[in-house]
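Here is a short note for a colleague who is new to this model. Please look at the structure first, then read the points in order.

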Amino acid sequence: MSKLYYTAIQNNSNNFISLQSVSVSVSVLTLTFISIDRWYAICHPLQFKSTASRAKKAIVVIWLTSLLLVLPDALVMDTRRSSELRVDTHYFTDCTYTWSDHYTKIYQLLIVFFLYFAPFLFMSFFYYQIVKVLWNRNIPGSAEVNSRQIRTGEWLRCISMNFHYHG
């Protein structure tokens, strides 16, 4: 019974870590996509077209990218008993990479870059642009911007009419 239990733990450990990594990756990439989507909607509202097919494509790209990013977790992680314990038990196991430490460092650096630094920079840039537009209230297509343009146009017509009338 204990050998069967250990085999179940070993097989499920890889799946659990892979699902956990995929869910984190999907969350980060979804937040990044949302920031890009909001940027288009707020900073370029006349060019923005939110459609169901665009959303479906984004979801597929996010999931495929996430699966590819964490594929090494599913392939090269394995459970191993802790070597520091003197007791022969199946309960204290560690999930570790089966490849060398060199490859582990490279993979972890790539994950940190693609799931932390790059999304952080993208989101910072896009939300900075959004804040600039909203802070200045120069929202293209808004009633306030349009009324300012109309008032400016009326004022210029009045000046030109007075110039013509008095000239």
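1. How many of the residues of the protein count as buried, as a percentage? The model is a predicted one. The protein has 167 residues, and 24% of them count as buried.

2. Start with the overall layout. There are five helices and two strands. Along the sequence they follow the pattern α-α-α-β-β-α-α. Look next at contacts between residues at least 6 apart in sequence: 62% of them join residues at least 24 apart.

3. Now the record. The unreviewed UniProt entry carries the annotation "transmembrane region" for residues 16–36, 57–77 and 106–128. Such annotations may be inferred rather than shown by experiment. In the model, residues 57–77 are 90% helix and 5% strand. The end C-alpha atoms of that span lie 30 Å apart. Residues 106–128 are 100% helix and 0% strand. Their end C-alpha atoms are 31 Å apart.

4. Which residues have the most contacts inside the largest nonpolar core? They are Y97, Y107, I111 and L115, in a core of 13 residues. Helix 1, helix 2 and helix 4 each give two or more residues to this core. Helix 1 provides the largest share, with four residues. Another core, of five residues, lies apart from it. C43, F126, I130 and V133 are among its members.

5. Y97 deserves a separate look. Leaving out residues up to four places away in sequence, Y97 touches D73, V76, M77, R80, T104, Y107 and Q108. One of these partners, Y107, is also listed with Y97 among the residues with the most contacts inside the largest core.

6. Next, the largest pocket. Its volume is about 230 Å³. Which helices each supply at least two residues of its lining? Helix 1 (2–43), helix 2 (52–69) and helix 4 (101–136) do. The lining consists of L29, T32, F33, I36, V61, I62, T65, F114, A118, P119 and F122. By class, nine of these residues are nonpolar and two are polar. No charged residue is in the lining.

7. Is V24 buried, partly exposed or exposed? V24 sits in helix 1. It counts as partly exposed, because its relative accessible area is 46% and that class runs between 20% and 50%. V24 is 46 residues from V70 in sequence. In space, the two are 9.9 Å apart, C-alpha to C-alpha.

8. K49 belongs to the loop between helix 1 and helix 2. Why does K49 count as exposed? Its relative accessible area is 57%, and exposed means over 50%. K49 and D37 are 12 residues apart in sequence. Their C-alpha atoms are 9.7 Å apart in space.

9. A55 is also worth checking against D37. A55 is in helix 2. With a relative accessible area of 35%, A55 is partly exposed. A55 and D37 are separated by 18 residues in sequence and by 9.8 Å in space, C-alpha to C-alpha.

10. To recap, helix 1, helix 2 and helix 4 each give two or more residues to the largest nonpolar core. Helix 1, helix 2 and helix 4 also each supply at least two residues of the lining of the largest pocket. Please keep in mind that the model is predicted.

Notes:
Residues are numbered from 1 along each chain as its sequence is written. This is a predicted model: local features need pLDDT of at least 70, side-chain atom pairs count only at pLDDT 80 or more; totals for chains, interfaces and linings use all residues. Side-chain values use heavy atoms; hydrogens and water are left out. On a 1 Å grid over the protein atoms alone, a cavity is a set of points where a 1.4 Å probe fits but cannot get out, and a pocket is an open set with protein on both sides within 12 Å along at least five of seven lines; lining residues have an atom within 4 Å of a point. Grid points are joined across faces, edges and corners, and a volume is the space filled by probe spheres set on the points. Ala, Val, Leu, Ile, Met, Phe, Trp, Tyr, Cys and Pro count as nonpolar, Asp, Glu, Lys and Arg as charged, and the others, Gly among them, as polar. Buried means under 20% relative accessible area, exposed over 50%, partly exposed in between (1.4 Å probe, protein chains only). A nonpolar core is a set of buried Ala, Val, Leu, Ile, Met, Phe, Trp, Tyr and Cys residues joined through side-chain atoms within 4.5 Å. Contact means heavy atoms within 4.5 Å.
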